[in-house]
Amino acid sequence: MKFCSHCGSSRLEFRVPEGDTLPRYVCAACATIHYQNPKVVVGCLPVWEDQVLLCKRAIEPRLGLWTLPAGFLENAETLAAGALRETVEEANARVEIGDLYTVISLPHINQIYVMFRARLLDLNFAPGPESLEVCLFDEEHVPWDRLAFRTIARTLRNYYLDRKLGEFPVHVSALEKRPVREPSLVASG
Ligand SMILES: [Zn+2]
């Protein structure tokens, strides 16, 4: 943060405000405290018979990889409305948003994923500007090695396991930073 979004001053200090526990950007000119909090990514898992709808990304990050329709929740929007909007934007698909399904915390990138199950209402879907392709996949043909995000892979894996069991409880979990691969040992001397 370079300028105060309230008064435009560049006199920002990064310090712990009185009575707080974490450092924040505090404007020395107008005293506004700029809190920064996680963003919510909301989406759904649209199902048609035994198939799920996936979108191939036309944008970075992970261009060319497959994902479920999802995106950042907007201000003044409910979670279900956000999931519905993202599904229209990315797949031009009409869905009925169902039960809450996965909630995944990503503390290392300050995001929370919230995914709903959904029923695809018709087959008149088509890629939106953020998608290259939109397709239905049955379990065997899900492009498991070409999924864009671990949150999406986890949501789909949960879904196929739960479908076998016939129950779809809410799954609350977290994904930590992907561990760095250990450097290969180099012989000394
Ligand atoms: Zn200010």
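## Close-up views of the predicted model

**Figure 1. At 5% relative accessibility, Tyr159 counts as buried.** Welcome to a predicted model, which we will explore one close-up at a time. Tyr159 counts as buried because the limit for that word is under 20% relative accessible area. Tyr160 is buried too, with a relative accessible area of 2%. Which residues form one aromatic cluster? They are Tyr101, Trp144, Tyr159, Tyr160 and Phe168, so look for both of the tyrosines just introduced in this group.

**Figure 2. Trp66 and Phe137 bring their rings together in an aromatic pair.** The count of aromatic pairs comes to 6. In the pair shown here, the ring centres of Trp66 and Phe137 are 5.0 Å apart and the ring planes stand at 80°, so the pair is edge-to-face. The two partners come from distant parts of the chain: Trp66 sits in strand S6 (residues 66-67), Phe137 in strand S10 (residues 131-137), and 71 residues separate them in the chain. Are these residues buried or exposed? Both Trp66 and Phe137 are buried. For another pair, turn back to Tyr159 and Tyr160: their ring centres lie 5.3 Å apart with the planes at 70°, so this pair is edge-to-face as well.

**Figure 3. Four cysteines coordinate the zinc ion.** Follow the SG atoms of Cys4, Cys7, Cys27 and Cys30 to the zinc ion, which they coordinate at 2.3 Å. Why is the arrangement tetrahedral? The 4 donor atoms subtend angles of 105 to 113° around the zinc ion, and these fall within the 85 to 135 degrees that a tetrahedral arrangement allows. Reading along the sequence, the donor residues follow the spacing C-x2-C-x19-C-x2-C. Cys4 belongs to the segment before strand S1 (12-15), while Cys27 is part of strand S2 (residues 24-27), so this pair ties together parts that are 23 residues apart in sequence. Both Cys4 and Cys27 are buried, whereas Cys30 counts as partly exposed at 28% relative accessibility.

**Figure 4. Strands S1, S2 and S3 form an open sheet.** The 3 strands of this sheet run in the order S1-S2-S3, and their pairing is antiparallel. At the edges stand S1 and strand S3 (33-34), each with a single partner strand, so one side of each has no neighbour in the sheet. How many bridges join S1 and S2? Their antiparallel pairing runs over 4 bridges. One residue to pick out is Leu12, whose bridge partner in S2 is Cys27. You have already met Cys27 as one of the residues that coordinate the zinc ion.

**Figure 5. A salt bridge joins the side chains of Glu133 and Lys56.** Across the whole structure, a search finds 12 salt bridges. In this one, the side chains of Glu133 and Lys56 meet at 3.3 Å, taken from N to O. Glu133 is in strand S10 and Lys56 in strand S5 (residues 51-57), so far along the chain that 77 residues separate them. Glu133 is partly exposed, with a relative accessible area of 32%.

**Figure 6. Asp122 and Arg94 form a salt bridge between two loops.** The closest N and O atoms of Asp122 and Arg94 are 2.9 Å apart. This pair also links distant parts of the chain: Asp122 is in the loop between strand S9 (111-120) and S10, Arg94 is in the loop between helix H1 (79-91) and strand S8 (95-106), and the two are 28 residues apart. Arg94 is partly exposed, at a relative accessible area of 37%.

**Figure 7. Here are further salt bridges to explore, including the one between Asp145 and Arg146.** The closest N and O atoms in this bridge are 3.9 Å apart. Asp145 counts as exposed at 68% relative accessibility, while Arg146 is partly exposed at 40%. Which residues are linked in a network of salt bridges? Glu77, Arg85, Glu86 and Glu89 are.

**Figure 8. Cys135 has no bond to another cysteine sulfur.** How many disulfides does a search of the whole structure find? The number is 0. The cysteine sulfur closest to that of Cys135 belongs to Cys55, and at 9.2 Å the two are too far for a bond, because a disulfide calls for sulfur atoms within 2.5 Å. Cys135 counts as partly exposed, at 24% relative accessibility.

Notes
Residues numbered from 1 in each chain as written. Heavy atoms only, no water. Donors = N, O, S within 2.8 Å, 3.2 Å for Na, K, Ca; no water. Tetrahedral: all angles 85-135°; square planar, octahedral: opposite > 155°, others 65-115°. Buried < 20%, exposed > 50% of the residue type's maximum accessible area, 1.4 Å probe, protein only. Phe/Tyr/Trp six-rings, centres within 6.5 Å; stacked < 30°, edge-to-face > 60°. Salt bridge = Lys/Arg side-chain N within 4 Å of Asp/Glu carboxyl O. Pairing = 2+ DSSP bridges.
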